[in-house]
Amino acid sequence: MTDADRANFRALAHAYLDGTLVDSDRVRFEQLLASDDDAARELARLVLLHDALDREFTSGVLASQNARFDAHLDADLDTNLNTHVDQRQNGRATKRRAWLQRRVFVAATLLLAVGLAWIFATTGRDASASDVLARIVEALRSGDRTYVLRAIEGDGRMRRREAAFPLQEKRPPAPIDGALVFLRNPASFVLVRRDAEGHEVVSGSDGASAWIVPAEGPVRVSSDPARFRGALPGGRLDIPFIDPHADLSTLARNYDLVVQKPAPAAGRPDARIVATRRPDARGGPKEIEIDFDAKSALVRAIRLVNLPQAQGGPRAIEFELIDDAPLSDDFFQHTSHHAKDRAVLEER
Amino acid sequence: MDPSTRQAFTNWTQAQPAVSAYVFALTGDRALRDEILQATALSVLESFGTYDASRPFLPWALSIARNEVANARRQARRLPMHLSTTLGDAAEEALARAVDAIAREEHERLAHLGECVKLLEGRAREICDYRYRAGLKPGRIAELLGLAPNTVSKALERLRGDLRDCIERREAGGAA
């Protein structure tokens, strides 16, 4: 390997570790790596440095040195996001609370953002927060989003593979950790999860109809878009999916809302909305966090903390944005998720 | 603790930094690395009885880690490919051999890393903070700093090179 080759390979190695290696270079990179011991050692040295740096900044002495970093990021932001929202309590209708108990899950957090925008827009509270939330709503309503679900243990936010379930449960809830949710507004979704036996189950809706592709047996299709919502992650809570037209104010009325600035030094580069359930509100998670890009308003993560445990399931759930690339036009139709010769049962 | 378990712990403690780096290189994701590392540690302890003590421990641990990475990929096979760093089999094997070959020596050198990072200043330190403290990719860092993504990538390459130079100087006794 000449000096020029070495320099070239080194550039590719850095790009590989930073996730910027383009496909056209990948083949050459792998060939060099597999065929040249010097190249492999070059990458190995870099890999060890890369990992050591990561640990140095996240768990080493440097992890606590954050003041300068925070100050810089503050300067980057052109809006003051520190706004505590103290919404007036409105009358609570029992029926609406019961509705909320059943309907707090993925969509709930998204609905929260929309609801917040509505509240801010109609009450004239802090203009910057109102702007931020309006942008979140706009971002939610445009484009396709892919989220991965993580089951989280308690307030420690420790990830785990499956949720615990109460002893009185006759059978454990299906694991949701690792399930994927694909969203497209309005009201289109695809959920890919595994059932209690570990078999893949895909369900979804294109907004006009709903469908489920079980591991075995016929594909079932219903003209009712809400038909298979019970199969959604958290289906044991009977939560509907994203519906931007639902009643938004109820959710906002039941939570105290705080918008926080990013804190990159603490490992949180995004701004955050923290919604804490009011003491007199019932049902739903005690806390909802929405992490969003302060500039683009793209929702990057949603956490539902202290979920009701009466029916088992995880204590907390996180939705992490993993992709916002456009999905194919037919992605939300069942035909994209099973073989052509699969039997399809139309329900009435 | 029985002698076998004690030996397993000892071997794992020594091998863990290299295994961590290898898994991080194959996944490109901090959280996934830690999950896989945990699974690898458990597998190492559970299968330590099958380990041939006449052979080096690190290659054995790396092979287990590689299996755990493969398991994680299978479980997440529907994830968009660009979310995980992937290499072909031959490249993964070559990297494992190379990590094994240099791990001990590099581990001693990297003891100087903390001192060298403290010497980073200005934009270099800033970019390093964004990359490693906040875990941001070059594209996002570029957005925050108002730079071109390629500028950030080049800066990362340069600062890692500077850190290696610093480490080597200190290793040679000529502290900068």
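User: How many residues does the contact take from chain A, and how many from chain B?
Analyst: Happy to help! Keep in mind that this is a predicted model. Residues join the count when their heavy atoms come within 4.5 Å of the partner chain. On that basis the contact takes 57 residues from chain A and 65 residues from chain B.

User: Which helix gives the largest share of the side of chain A that touches chain B, and how many salt bridges are counted between the chains?
Analyst: Let's start with the bridges: nine salt bridges are counted between chain A and chain B. Several elements of chain A each supply at least two residues of the side that touches chain B, among them helix 1 (3-17), helix 2 (23-35) and strand 13 (316-323). The largest share, 19 residues, comes from helix 3 of chain A.

User: How much area do chain A and chain B bury between them?
Analyst: Of the area buried between the two chains, 58% is on carbon and sulfur atoms. The total buried between chain A and chain B is about 5,500 Å².

User: Why does the salt bridge of Arg55(A) and Asp34(B) join two chains?
Analyst: Side chains of opposite charge can pair when their charged atoms come close. In the salt bridge of Arg55(A) with Asp34(B), the closest N and O atoms are 3.4 Å apart, within the 4 Å cut-off. Arg55(A) lies in helix 3 of chain A and Asp34(B) in helix 2 (residues 30-46) of chain B, so the pair joins two chains.

User: Which residue of chain A meets Arg30(B) in a salt bridge?
Analyst: Here the N to O distance is 2.9 Å, again within the 4 Å limit for a salt bridge. The side chain that meets Arg30(B) is that of Asp54(A).

User: Which helix supplies the largest share of the lining of the second largest pocket?
Analyst: Nice one to explore! About 610 Å³ of space lies in this second largest pocket, and the residues closest to its centre include Gln14(B), Pro17(B) and His107(B). Helix 3 (37-58) of chain A and three helices of chain B, namely helix 1 (3-27), helix 3 (57-75) and helix 4 (89-109), each supply at least two lining residues. The largest share, eight residues, comes from helix 1 of chain B.

Notes:
Residues are numbered from 1 along each chain as its sequence is written. Chains are lettered from A and ligands numbered from 1 in the order in which they are written. This is a predicted model: local features need pLDDT of at least 70, side-chain atom pairs count only at pLDDT 80 or more; totals for chains, interfaces and linings use all residues. Side-chain values use heavy atoms; hydrogens and water are left out. On a 1 Å grid over the protein atoms alone, a cavity is a set of points where a 1.4 Å probe fits but cannot get out, and a pocket is an open set with protein on both sides within 12 Å along at least five of seven lines; lining residues have an atom within 4 Å of a point. Grid points are joined across faces, edges and corners, and a volume is the space filled by probe spheres set on the points. Helices (H or I, at least four residues) and strands (E, at least two) are DSSP runs, numbered from the N terminus. Buried area is the accessible area (1.4 Å probe) that two parts lose on being put together, summed over both.
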